[in-house]
Amino acid sequence: MRTFVFLGIFFLFWITTTPFPDLSAVINPADPRSDALYQVVMLLLSAMLLFFGLRHPLRRMILQPAALLSAIFIWYIFVSILSLHPDVAVKRAILGALVCMNASIFLLLPKSERHFAALLSLATLVMLGFAYWGVTVWPQYAIHNIGDFAERELAGDWRGQFSHKNITAGVMVISVFFGLYAWSSHLRLRAVVIVVLSTYFLFRTGGKTSSAALPATLVLAALFERLRSLRFLIVLGGIIAINFVTVGAAFLEPVREMLASFGIDPTFTTRTDIWRLAINAVARQPITGYGFDVFWGSPELIYGGGQIESGALNAGTAHNGYVDTLVSAGIPGLILIFVWLLILPILYIERAEEQGGNPHLTRLFSRIWLYVIFASCTDTLFFQNRNPVWFALLIAVFGLRFQAKSDMIESALPRVATGALSAQPT
């Protein structure tokens with residue numbers, strides 16, 4: 001049962017209920033028409049996860065820290081009720097809380113760390129096989145082509161079972177981290193296959209940002225592990241600096257000139273128009289924002305943004321997780337997310353090292369966490385309920401908390417059934 005639910009949740013996010021969508025349609029079939037199937041599968045797996053979680057010795061670790069997470073989702077529901085589309089926004093906020101709950105139980109499913117490594121590597125191999133099967137047998141549905149209704153300039157870029165190559169690129173970066181963890185868990189053959197297949201697929205997606213972020217994250221994670229006194233500066237300073245340069249380019253001419261002098265596109269592939277629209281919208285409602293994931297695509301909301309290029313009005317997200325948090329939940333929401341996703345993980349890592357938690361698990365979760373929080377400066381990954389990269393970040397954050405509480409976990413579990421996140425390797 002553990003194995004079935006673990007693989008079911010993994011495949012729900014990494015393969016999806018509607019793989020290989022046909023992008024030649026005017027309406028993206030990965031959206032409303034697939035809601036019913038996705039919701040049924042999500043509710044069934046969530047019920048199974050909850051049943052298992054409530055019977056687990058570590059059930060008190062689910063959805064922690066409870067006070068902070070309660071504040072986040074209560075605030076999201078509150079601002080969603082105030083939005084122009086409260087029915088849609090509240091529904092999405094509740095689904096977001098459900099995804100968060102699932103991620104907090106997901107790591108309790110394996111019987112041991114070895115079981116966790118075996119399941120994770122097996123699931124990743126299946127996902128990769130599915131992606132390669134798509135580009136080989138169904139290239140018209142697994143590779144962007146000239147017949148796509150939108151973004152025909154992406155023709156030739158591999159997207160696998162997902163609707164966009166940027167999602168696939170992020171998935172492949174996470175898969176490389178899974179492969180490196182499998183190597184440290186002595187699953188050497190699986191590890192080599194995962195890393196090689198993931199890396200090649202990543203380059204074929206044409207995702208330049210993700211391709212550059214992979215080696216950068218590995219180097220950053222190594223520095224983060226060694227330079228303990230600079231961790232807050234690396235994370236908080238890095239996030240603020242990158243957002244100043246990227247989002248700042250939408251408003252500050254000196255920043256644009258500086259970027260151009262380094263040969264960097266100062267529009268970040270036309271993202272600056274989108275950021276200008278988003279920030280102008282936030283200035284109108286800085287406290288409550290516009291509700292959970294209902295701003296983009298709502299003409300009555302976005303058409304108040306001043307002189308913005310028409311292309312920005314068609315954007316599906318702000319292409320920046322921090323800006324989108326401001327749009328959805330205002331300044332209070334951004335502060336809460338900063339505490340949960342940026343500050344607490346640093347404290348968890350330091351506590352995990354003090355407790356002697358498994359260093360390979362801590363390294364896996366740290367790499368995922370660092371990649372996603374920095375990638376969110378140029379893409380919206382936070383609270384994207386169906387996005388596997390968002391689910392991976394949730395797993396990483398909850399996993400780091402488990403590592404930090406490894407002494408509590410070890411004492412709570414029966415000695416004969418020490419769990420995957422125990423301080424002592426099995």
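Where does Pro65 sit? In this predicted model, Pro65 is placed in the loop between helix H2 (35-55) and helix H3 (66-81). The bond leading into Pro65 is worth a look too: Gln64 and Pro65 are joined by a cis peptide bond, with omega at about 0 degrees. As a rule, most peptide bonds are trans, and most residues other than glycine have a negative phi.

Two residues go against the phi part of that rule. His186, found in the loop between H7 and H8, has a phi near 70 degrees, which is positive even though the residue is not a glycine. With a relative accessibility of 61%, His186 counts as exposed. Asp293 also takes a positive phi without being a glycine, in this case about 60 degrees. The loop that holds Asp293 runs between helix H12 (271-284) and helix H13 (299-302). Here the relative accessibility is 31%, so Asp293 counts as partly exposed.

As for the overall picture, the protein chain has 18 helices and zero strands. Of its 426 residues, 53% are buried. Among contacts in the chain with a separation of 6 or more, 76% are between residues 24 or more positions apart. One pair of residues far apart along the chain involves Arg152, in the loop between H6 and H7. Arg152 and Ser24 are 128 residues apart along the chain, yet their C-alpha atoms are separated by 10.0 Å. Arg152 itself is partly exposed, its relative accessible area being 46%.

Next come the aromatic rings. A search of the whole structure turns up 36 aromatic pairs. One of them is made by Trp14 and Phe178, whose rings are tilted, with 6.2 Å from centre to centre and 50 degrees between the planes. Trp14 belongs to helix H1 (residues 2-14) and Phe178 to helix H7 (residues 165-184), so this pair ties together parts of the chain that are 164 residues apart in sequence. Both Trp14 and Phe178 are buried. Another pair is formed by Trp158 and Phe201: the ring centres are 5.0 Å apart and the planes lie at 65 degrees, so the arrangement is edge-to-face. Trp158 comes from the loop between helix H6 (139-142) and H7, while Phe201 is in helix H8 (residues 188-204), so the parts tied together here are 43 residues apart in sequence. Trp158 and Phe201 are buried as well.

Trp14 and Phe178 also turn up together in an aromatic cluster. The other members of that cluster are Phe6, Phe10, Phe11, Phe13, Phe106, Phe116, Tyr181 and Phe391.

Aromatic rings have charged partners too. The charged end of Arg188 sits over the ring of Trp183, at 4.3 Å from the ring centre. Likewise, Arg386 places its charged end over the ring of Tyr38, 4.1 Å from the centre of that ring.

Finally, helix H17 (residues 388-404) packs against helix H15 (residues 321-355), their axes coming within 7 Å and crossing at roughly 40 degrees. That angle makes H15 oblique to H17, and the crossing is left-handed. On the H15 side, the contact is made by Trp340, Leu341, Pro345, Tyr348, Ile349, Arg351, Ala352 and Gln355. H17 contributes Trp390, Leu393, Leu394, Val397, Phe398, Leu400, Arg401, Gln403 and Ala404 to this contact.

H17 also packs with helix H16 (residues 359-375), at an angle of about 135 degrees and with the axes 8 Å apart. H16 is therefore oblique to H17, and this crossing, too, is left-handed. From H16, the contact takes in Leu361, Thr362, Phe365, Ser366, Ile368, Trp369, Tyr371 and Val372. Facing them from H17 are Val389, Ala392, Leu393, Ile395, Ala396, Val397, Gly399, Leu400 and Gln403. Leu393, Val397, Leu400 and Gln403 of H17 take part in the contact with H15 and also in the contact with H16.

Terms used. Residues numbered from 1 in each chain as written. Predicted model: local features only at pLDDT ≥ 70, side-chain atom pairs only at ≥ 80, totals over all residues. Heavy atoms only, no water. Phe/Tyr/Trp six-rings, centres within 6.5 Å; stacked < 30°, edge-to-face > 60°. Helix = DSSP H or I, 4+ residues; strand = E, 2+ residues; numbered from the N terminus. Buried < 20%, exposed > 50% of the residue type's maximum accessible area, 1.4 Å probe, protein only. Lys NZ or Arg CZ within 6 Å of the ring centre and 35° of its normal. Axes fitted to C-alpha atoms, helices over the stretch in contact; angles between N-to-C directions. Parallel < 35°, antiparallel > 145°, perpendicular 65-115°, else oblique. Left-handed = near helix turned anticlockwise from the far one by under 90°. Contact = heavy atoms within 4.5 Å.
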